[in-house]
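Biologist: Please take a close look at one part of this model for me: any disulfide. I am new to this structure, so set that part in its surroundings.

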Amino acid sequence: MFKPVTLAPALAAALILAGCAEKSADIAPSYVSSSRYDTMNCRQLGAEAQTVSDRARSAIQAQDKKASNDAAAATVRMILFWPALFMIKGDGSQAAEVARLKGEREAIEAANRARNCGIVFKE
């Protein structure tokens, strides 16, 4: 049987982390149909792949920075002023943007494979 005193720190840590933004690696892609790329030739698909990759890179960097800032703020707030923990915003439109762009990338990859365009995505 667990004592309530030993469970309290673990429960507090779980509640703190629940309000924090997720790291981009933990965000699942949203579904995007590859049919939206059906009319593009390989050159156009390559250009779209580059655009989506650039936007995804920026969104991922912003999301990871937000996740790091939330984690640091949660630690400081827990130690110095625990009521401020309720002000941590967590995920929002930035995480949705990451999920959407990951989905677009998957759709472009599917169209790339279907046409044998040979587009190689760089991480």
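Modeller: Start with the contacts. In this predicted model, 82% of the chain's contacts with a separation of 6 or more come from residues 24 or more positions apart. Keep that figure in mind for the disulfide.

Next, the elements. The chain has three helices and zero strands. Read from the N terminus, the order is α-α-α.

Now the part you asked about. Searching the whole structure turns up one disulfide. Its partners are C42 and C117. Their sulfur atoms lie 2.0 Å apart, and the cut-off for calling such a pair a disulfide is 2.5 Å. About the S-S bond the angle is -75°. That makes the link of C42 and C117 left-handed.

Where do the two ends sit? C42 belongs to helix α2, which covers residues 42–80. C117 is in the segment after α3, and α3 itself spans 93–115. The two cysteines are 75 residues apart, so the disulfide links distant parts of the chain.

Is C42 buried, exposed or something in between? The relative accessible area of C42 is 33%. Buried would need under 20%, and exposed over 50%. C42 is therefore partly exposed.

Last, the wider setting. The chain counts 123 residues, and 29% of them are buried. About 8,300 Å² of the chain is exposed. Carbon and sulfur atoms supply 61% of that area.

Key
Residues are numbered from 1 along each chain as its sequence is written. This is a predicted model: local features need pLDDT of at least 70, side-chain atom pairs count only at pLDDT 80 or more; totals for chains, interfaces and linings use all residues. Side-chain values use heavy atoms; hydrogens and water are left out. Helices (H or I, at least four residues) and strands (E, at least two) are DSSP runs, numbered from the N terminus. Buried means under 20% relative accessible area, exposed over 50%, partly exposed in between (1.4 Å probe, protein chains only). Contact means heavy atoms within 4.5 Å. Accessible areas come from the Shrake-Rupley method with a 1.4 Å probe; for residues, only the protein chains shown count as cover.
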